[in-house]
Amino acid sequence: MAIYTLTSELHNEKAIATATWDFLKTLRQASKIEWLGEDPYLFMGNDFAEYGSHAIDIIYVRTGGTEGLFKSMLPELRKKSSRPFYLLTSGKSNSLAASLEILSFLRQQGIKGEIIHGKADFIAKRIDTLAKVGKARRELDGCRLGIIGKPSDWLIASHVDPERVKDALGINLIDIPMQELLDVLAATPLREVDESHTEENIKRALPVANQIYEALKTIVEKHHLQGFTIRCFDLLTSVHNTGCLALAKLNAEGIVAGCEGDVPTMLTMKIAQSLVGMTGFQANPSTIDPETGELLFAHCTIPLNMVERYEFDTHFESGIGVGIRGYMKEGAVTIFKVSGDLSRHFVAQGNLVRNQAQPDLCRTQQVIQLEDATVANYFLQNPIGNHHIILPGHHTELINAFIDQQ
């Protein structure tokens, strides 16, 4: 992250410089970010030539009397970056007062901004969050995500505008016909597999499940994808198997792999991966208790790097192929979803209280207790589709900070 300075000519530079280094030293010591052992606070002084080229650019308003200087610089800064302005202030030398005037001016121009002010621990934590968001946005810019086949017919509320996705996130959506995957699959040899199972039908299905995995990897490499979503139910009729094992493996390898051609959920998974390093568990709410805030989520695949252990079963709806029953560590979780037009998002925190293995549901089943029971009304009154993703840990603040930058 880069820190630039605004300073009035009326103030003594030597005195201001001493206060500056003391202040930044305190923030460095409080910061939790470690980027390959490098100092994350890149001090740029009053040279704004590289403004907008870093994960996050912060303007340290060191003194009062800088409002006019900022106003004169604004047109050039807006050419360099359309992101919100972040005004850092220690509160000394009337810096907070100047920042208030600058932010009010920005708001009048319809420009987003924020004053970062408070105790050192609070400031460092906020800067850490914004830096993670900045890094995530840079990672998403130019990302290529595939749509293999069309979205499943039942996803009537889950379509997207590719141009909107490109403008808002920098993500390119690539349409890939299902037939292309089937052709690659036909050319992919069956191999012996390491996995086995006591049930004969699952044992017989494992080689084809792994063949689907290898074919999807070929598609990813051919189209230079960072992820995809697949109309996976078509595999049930075309090859009498499922993509559940393939998606579980690919997500664990860092390739976003979503089910049912659900593009908004794929975007949600990629955003999550860029922020927290994990794609998440794509699942349907199966039951909801609006009085207690307890929800049951289920699906037949889960990233293998999210679970403590897993078992093979058949795919629930069809009873064929290979499904995954994964057992994730109990504890803090976050539920997340963005809408197809990126105008809405949902994020809520809770706790995974137990994994279960009921025979009449999709194979991976998680019972989650929301921190705020009233949030359950969202699912019953104003949901964003049926699929949501589950992430280990609590990430509401980070996700909201990302959304706020749109």
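Partly exposed describes a residue whose relative accessible area falls between the limits for buried, under 20%, and exposed, over 50%. The legends below refer to a predicted model.

**View 1. A salt bridge within helix α2, between E76 and K79.** In this view, E76 forms a salt bridge with K79, and the closest N and O atoms of the two residues are 4.0 Å apart. Because E76 and K79 are three residues apart in helix α2, they are separated by about one helical turn. E76 has a relative accessibility of 43% and therefore counts as partly exposed, whereas K79, with a relative accessibility of 68%, counts as exposed.

**View 2. The salt bridge between R83 and D57.** The side chains of R83 and D57 meet here in a salt bridge, with a distance of 2.9 Å from N to O. This pair links distant parts of the chain, since R83 belongs to the loop between α2 and β4 while D57 belongs to strand β3 (residues 57-61), the two being 26 residues apart. R83 is partly exposed, with a relative accessible area of 23%, whereas D57 counts as buried at 5% relative accessibility.

**View 3. P84 and its contacts.** P84 is placed in the loop between α2 (67-80) and β4 (85-88), and its relative accessible area of 10% makes it buried. Leaving aside residues up to four places away in sequence, P84 touches K112, G113 and Q405. For one of these partners, G113, the C-alpha atom is separated from that of P84 by 4.8 Å, although the two residues are 29 residues apart along the chain.

**View 4. The largest pocket and its lining.** The largest pocket holds about 450 Å³ of space and is lined by 18 residues, of which S82, R83, R137, A168 and Q405 lie nearest its centre. Helices α4 (120-140) and α5 (162-169) each supply at least two residues of this lining, and the largest share, four residues, comes from α5. By residue class, the lining of the largest pocket divides into three nonpolar, seven polar and eight charged residues. Two of the residues nearest the centre also appear in the earlier views: R83 as the salt-bridge partner of D57, and Q405 as a contact of P84.

**View 5. The second largest pocket and its lining.** About 230 Å³ of space lies in the second largest pocket, whose lining is made up of 13 residues, with K125, D128, T129, K132 and E397 lying nearest its centre. Both α4 and α12 (396-404) supply at least two residues of this lining, and α4 provides the largest share, five residues. The lining of the second largest pocket divides into two nonpolar, five polar and six charged residues.

**View 6. The salt bridge between E397 and K125.** E397 and K125, which are both among the residues nearest the centre of the second largest pocket, form a salt bridge in which the closest N and O atoms are 3.6 Å apart. E397 lies in helix α12 and K125 in helix α4, so the pair ties together parts of the chain that are 272 residues apart in sequence. E397 counts as partly exposed at 38% relative accessibility, and K125 is likewise partly exposed, with a relative accessible area of 49%.

**View 7. A network of salt bridges.** R309, E311, D313, R325 and R363 are joined into one network by salt bridges that share partners. A search of the whole structure finds 15 salt bridges.

Note on methods: Residues numbered from 1 in each chain as written. Predicted model: local features only at pLDDT ≥ 70, side-chain atom pairs only at ≥ 80, totals over all residues. Heavy atoms only, no water. Buried < 20%, exposed > 50% of the residue type's maximum accessible area, 1.4 Å probe, protein only. Contact = heavy atoms within 4.5 Å. 1 Å grid on protein atoms, 1.4 Å probe; cavity = no way out; pocket = protein on both sides within 12 Å on 5 of 7 lines; lining within 4 Å. Points joined across faces, edges and corners; volume = space filled by probe spheres on them. Nonpolar A, V, L, I, M, F, W, Y, C, P; charged D, E, K, R; others polar.
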